[in-house]
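Thanks, everyone, for making the time. I would like to walk through one structure this morning, taking the chains in turn and keeping to what can be computed from the coordinates.

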Amino acid sequence: MEAKNLLKVALKSILKSRMRSLLTALGIIIGVAAVIVMVAIGNGAQKKVEDQIASLGSNLIVIFPGSINSGGVRMGAGSINRFTMKDVEKIREEATLLKGVTPIVRTGGQVIGGSGNWNTRIEGVSTNYLEISNWSLSSGEFFTEKDMISRAKVAVLGKTVADQLFPNDDPIGQQIRIRNVPFRVIGVLAPKGQNVMGADNDDIIIAPATTVLDRLLGGRYISFIMASASSLSQIDQAQAQLVEIMRKAHNLNPGEDNDFTVRNQAEITQAATETSQVLTILLASVAGVSLIVGGIGIMNIMLVSVTERTREIGIRLSVGARTSDILIQFLTESIALSIAGGLIGVLLAFGITFILNEYTSQAAYINPQIVFIAVSFAGIIGIFFGFYPARKAANLNPIDALRYE
Amino acid sequence: MENASGKNIIKTVDLSKTYSVGDVEVPAIKSIDLNIDGGEFVAIMGASGSGKSTLMNLIGCLDTPTSGEYYLDGINTSKLTKNEYAAIRNQKIGFVFQGYNLLARTSALENVELPLMYDRAHRINNPAEKALEVLRRVGLEDRIHHEPSQLSGGQQQRVAIARSLVNEPSLILADEPTGNLDSKMSVEIFALFQKLNDEGITIVLVTHERDFAKFAKRIVELKDGRIIKDYMIKDRLYAQEELFKIQEEEIAEEA
Ligand SMILES: Nc1ncnc2c1ncn2[C@@H]1O[C@H](COP(=O)(O)OP(=O)(O)O)[C@@H](O)[C@H]1O
Ligand SMILES: [Mg+2]
């Protein structure tokens with residue numbers, strides 16, 4: 001048969017059995033779309049984690065009290081020698097590869113001011129905190145060295161806190177009470193959004209570390225130390241130097257374990273992306289299952305219609321079709337259905353991804369490789385199960401094909 | 001009887017077909033020698049299971065014999081390749097089945113076009129026109145866009161006959177073509193076959209009913225896979241006349 005006729009016969013056959021064609025294509029459509037969207041969600045989550053970690057700070061090094069083994073589990077045993085401002089001073093004096101260092105004194109509590117009250121996270125830091133954490137102010141100013149020395153009762157509000165306490169007014173210059181201690185608002189931080197764990201970065205109040213220690217906590221221990229290496233290439237040396245300084249500050253003998261833990265941004269990033277890679281793999285397996293289910297759907301429809309189709313093949317053979325005519329017709333049909341189903345599936349996936357990105361907080365990035373894998377897998381299943389039963393029937397005697405039930 | 005070239009259109013020599021069902025061998029036809037000339041109208045008769053369909057399928061190149069030879073128009077079919085076999089089905093034979101075997105959800109016109117699609121010898125430019133022409137010959141020109149499910153049994157069988165005619169074969173084979181039809185429709189179909197035979201087409205058909213067999217010119221009777229009788233019909237009936245009689249009876253009943 002001529003190519004033109006072949007195409008015509010195949011297309012006619014597809015259009016003639018609309019329901020069968022639709023169901024066959026539907027299996028492919030759902031399989032393809034599910035795989036692409038699932039993996040896109042995984043990729044989106046991974047990219048979001050990476051972005052958020054990048055926004056944590058520049059060339060960040062974090063020092064925690066206590067030793068944490070490489071698996072990330074905090075060891076119960078061993079002395080926990082907590083950090084004080086002295087440790088921060090030591091680092092500031094001796095480290096040569098750092099852009100800056102700041103203590104982080106973490107606490108929380110009820111804040112009253114403006115039109116209401118709000119429970120939030122409070123962090124005591126030093127003056128170079130913004131630079132280290134890659135953050136900026138949207139209005140007002142940050143506290144100064146003088147405020148640090150005088151333990152000034154000044155506070156910088158995260159956007160969420162500012163919105164909660166002063167929905168209509170400019171917070172700058174206003175009085176607030178943190179745990180009943182009066183503070184003056186001097187600045188508002190630029191919005192930063194959610195962190196890796198989904199918590200709100202902007203739900204925070206920043207104050208001088210000295211003020212938080214003295215006036216809110218009445219203690220001397222700081223939660224952890226954050227430092228910023230001068231450059232990304234020097235981050236490992238800076239980290240090694242920090243370890244030496246801290247060991248000396250804590251009077252550790254050679255051979256004695258560190259009583260603190262140092263992590264740099266690369267390590268933190270890796271740990272977090274590993275988590276999200278697990279998520280991606282998980283989603284991809286779910287997607288793989290849906291592809292297989294879709295494939296089984298295609299297969300079932302093809303096999304269910306095999307009786308009808310075997311008789312059709314018998315009729316065609318009995319009026320003079322060659323085996324090859326039948327094979328080409330069925331191959332054309334299943335390729336056409338697979339391509340159509342695959343294309344619609346890809347379009348559907350793009351549509352769903354677009355909706356996710358535009359209208360939900362779920363980021364999704366389509367991976368071209370996955371598009372290729374999904375389409376070819378579904379295509380191969382569609383073509384195989386469209387073609388294989390036809391091949392069997394086309395090799396029968398016409399009369400056996402006609403008699404098939 | 002001999003055709004113009006003096007050659008048998010069908011000639012079987014010691015033709016046998018044995019089906020194997022599991023370990024059991026079922027001999028369906030046993031060493032059949034049958035010669036049919038061009039222009040003949042043969043009715044094959046016999047009890048159910050006597051091998052009529054098996055013989056027809058072999059003659060129609062829908063099945064292959066276990067042993068023996070079959071010459072179609074002088075061609076030894078046992079020497080043919082699969083594709084040549086397909087070409088013979090397409091070019092030389094029109095086969096009409098008891099169960100019509102039309103493509104479902106496909107218009108009468110497209111069903112009739114089907115053999116043209118597989119015709120490699122003559123590429124017809126306008127298959128629809130050709131199909132319409134044969135549909136007109138079987139009196140179905142007003143039903144060409146109907147699908148099988150929208151047609152009566154008699155009409156479906158006409159479509160099947162039109163399909164068997166479309167490649168202008170010299171031989172039409174029909175296995176119980178009226179087996180599913182009532183007697184008036186059956187007589188109409190026989191009238192059509194007689195008309196085609198008058199036009200020079202060789203016709204071999206299977207029928208159960210002796211009354212219908214008398215529309216043919218020759219009867220071949222099978223029993224247990226063998227030919228037991230083969231004779232010319234002396235008191236041949238003409239289907240067109242029978243139709244008139246039926247119509248008169250109907251008018252009389254109504255009155
Ligand atoms: N496909 C088949 N497989 C096995 N046996 C068959 C098959 N077709 C027919 N037969 C057997 O062959 C014999 C002849 O059958 P058939 O040619 O259909 O007879 P008829 O058409 O005269 O009724 C019967 O005994 C039947 O059971
Ligand atoms: Mg039979």
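Let me begin with how chain A is held together: among its contacts with a separation of 6 or more, 77% are between residues 24 or more positions apart. Please keep in mind throughout that this is a predicted model.

Staying with chain A, the secondary structure consists of 13 helices and 10 strands, and the chain is divided into two parts, with domain 1 covering 3-52 together with 271-402 and domain 2 covering 81-258. You will notice that domain 1 is written as two stretches, 3-52 and 271-402. If we take the centres over C-alpha atoms, domain 1 of chain A and domain 2 of chain A are 55 Å apart.

What, then, is the radius of gyration of chain A, and what would a compact globule of 405 residues have? The value for chain A is 33 Å, whereas a compact globule of that many residues would be near 22 Å. The C-alpha trace of chain A, followed along its principal axes, spans about 105 × 60 × 35 Å.

As for the surface, 49% of the 405 residues in chain A count as buried, and the accessible surface comes to about 19,300 Å², with 60% of that belonging to carbon and sulfur atoms. Chain A carries 36 positive and 33 negative side chains, and if you take the centre of each set, the two centres lie 7 Å apart.

Now to chain B, which has eight helices and 10 strands. Its radius of gyration is 18 Å, and this agrees with the compact globule rule, because a globule of 255 residues would be expected near 18 Å. The principal axes of the C-alpha trace of chain B give spans of about 55 × 45 × 45 Å.

In chain B, buried residues make up 52% of the 255, and of the contacts between residues at least 6 apart in sequence, 71% join residues at least 24 apart. About 11,500 Å² of chain B is exposed, and carbon and sulfur atoms supply 47% of that area. On the charge side, chain B has 30 positive and 39 negative charges, whose mean positions are 5 Å apart.

To bring the two chains together before we discuss them: chain A, at 33 Å, departs from the value near 22 Å for a compact globule, while chain B, at 18 Å, agrees with its own.

How values were computed: Residues are numbered from 1 along each chain as its sequence is written. Chains are lettered from A and ligands numbered from 1 in the order in which they are written. This is a predicted model: local features need pLDDT of at least 70, side-chain atom pairs count only at pLDDT 80 or more; totals for chains, interfaces and linings use all residues. Side-chain values use heavy atoms; hydrogens and water are left out. Domain bounds come from an automatic or database domain assignment. Helices (H or I, at least four residues) and strands (E, at least two) are DSSP runs, numbered from the N terminus. The radius of gyration is taken over C-alpha atoms; the globule rule is 2.2 Å times the number of residues to the power 0.38. Buried means under 20% relative accessible area, exposed over 50%, partly exposed in between (1.4 Å probe, protein chains only). Contact means heavy atoms within 4.5 Å. Accessible areas come from the Shrake-Rupley method with a 1.4 Å probe; for residues, only the protein chains shown count as cover. Lys and Arg count as positive and Asp and Glu as negative; His and the chain ends are not counted. The place of a charge is taken as NZ of Lys, CZ of Arg, CG of Asp or CD of Glu.
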